[in-house]
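Trainee: Could you take me closely through a single part of this model, namely its aromatic side chains and the helix packing beside them? I would like one connected account, with the criteria spelled out.

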Amino acid sequence: MSERRTIFSGSTFEEQIGYARAVVDGDRVYVSGTTGFDYTTMTIADDVVEQADQCLRNVAAALAEAGCTLADVVRVRYLLPDRADFEPCWPTLRRYFGDVRPAATMLVCGLADPRMKIEIEVDARRRS
């Protein structure tokens, strides 16, 4: 039977909504949609590029706790309320994933809080 465990970031949303930041299931790691909140202060920048950077720092922290890195990401999903905000994020996304080249999808949709301008979800595979 494969290992299954949950990882929490300390975000108040995890408790309020009832989810984990990430789930490790054997060699797979599923990181929930992660926003640009700094979970230590529960603050969020106004700028979408700053939010994208914080999202990926939050994702990287969850992956590290799971025993992997951004280099292990095989799938990424970007969710944005405003499609015009996506292109300004490209340099930041390329900085984190330019060498990794995971499969990627961008969706335009509403997010839970109007301050949120981007949410990022990833799937990764831990290396043996």
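Mentor: What follows goes from the aromatic pairs to the packing of two helices.

This is a predicted model, in which local features need pLDDT of at least 70 and side-chain atom pairs count only at pLDDT 80 or more, while totals for chains, interfaces and linings use all residues. Residues are numbered from 1 along each chain as its sequence is written, and side-chain values use heavy atoms, with hydrogens and water left out.

The structure holds 3 aromatic pairs, where rings of Phe, Tyr and Trp (its six-membered ring) pair if their centres lie within 6.5 Å, and planes under 30 degrees apart count as stacked, over 60 as edge-to-face and the rest as tilted. One of these pairs joins Y78 and F86, whose rings are tilted, at 5.5 Å centre to centre and with 50 degrees between the planes. F86 also pairs with W90, and because the ring centres are 6.0 Å apart and the planes stand at 85 degrees, this pair is edge-to-face. Y78, F86 and W90 form one aromatic cluster.

The members of the cluster can also be described by their accessibility, for which buried means under 20% relative accessible area, exposed over 50% and partly exposed in between (1.4 Å probe, protein chains only). Y78 is buried, with a relative accessible area of 7%, and F86 is buried at 14%, whereas W90, at 39%, counts as partly exposed. F86 and W90 both belong to helix 3 (residues 86-97), where they are 4 residues apart and so separated by about one helical turn; helices (H or I, at least four residues) are DSSP runs, numbered from the N terminus.

Helix 3 also packs with helix 2 (residues 48-66), at an angle of about 20 degrees and with the axes 8 Å apart; axes are lines fitted to C-alpha atoms over the stretch in contact, and angles run from 0 to 180 degrees between N-to-C directions. The two helices are therefore roughly parallel to each other, a term for angles under 35 degrees. The contact (heavy atoms within 4.5 Å) is made by V48, V49, A52, D53, L56 and R57 of helix 2 and by P88, C89, T92, L93, R95, Y96 and F97 of helix 3. By class, this contact has 9 nonpolar, 1 polar and 3 charged residues, with Ala, Val, Leu, Ile, Met, Phe, Trp, Tyr, Cys and Pro counted as nonpolar, Asp, Glu, Lys and Arg as charged, and the others, Gly among them, as polar.

Note on methods
Parallel < 35°, antiparallel > 145°, perpendicular 65-115°, else oblique.
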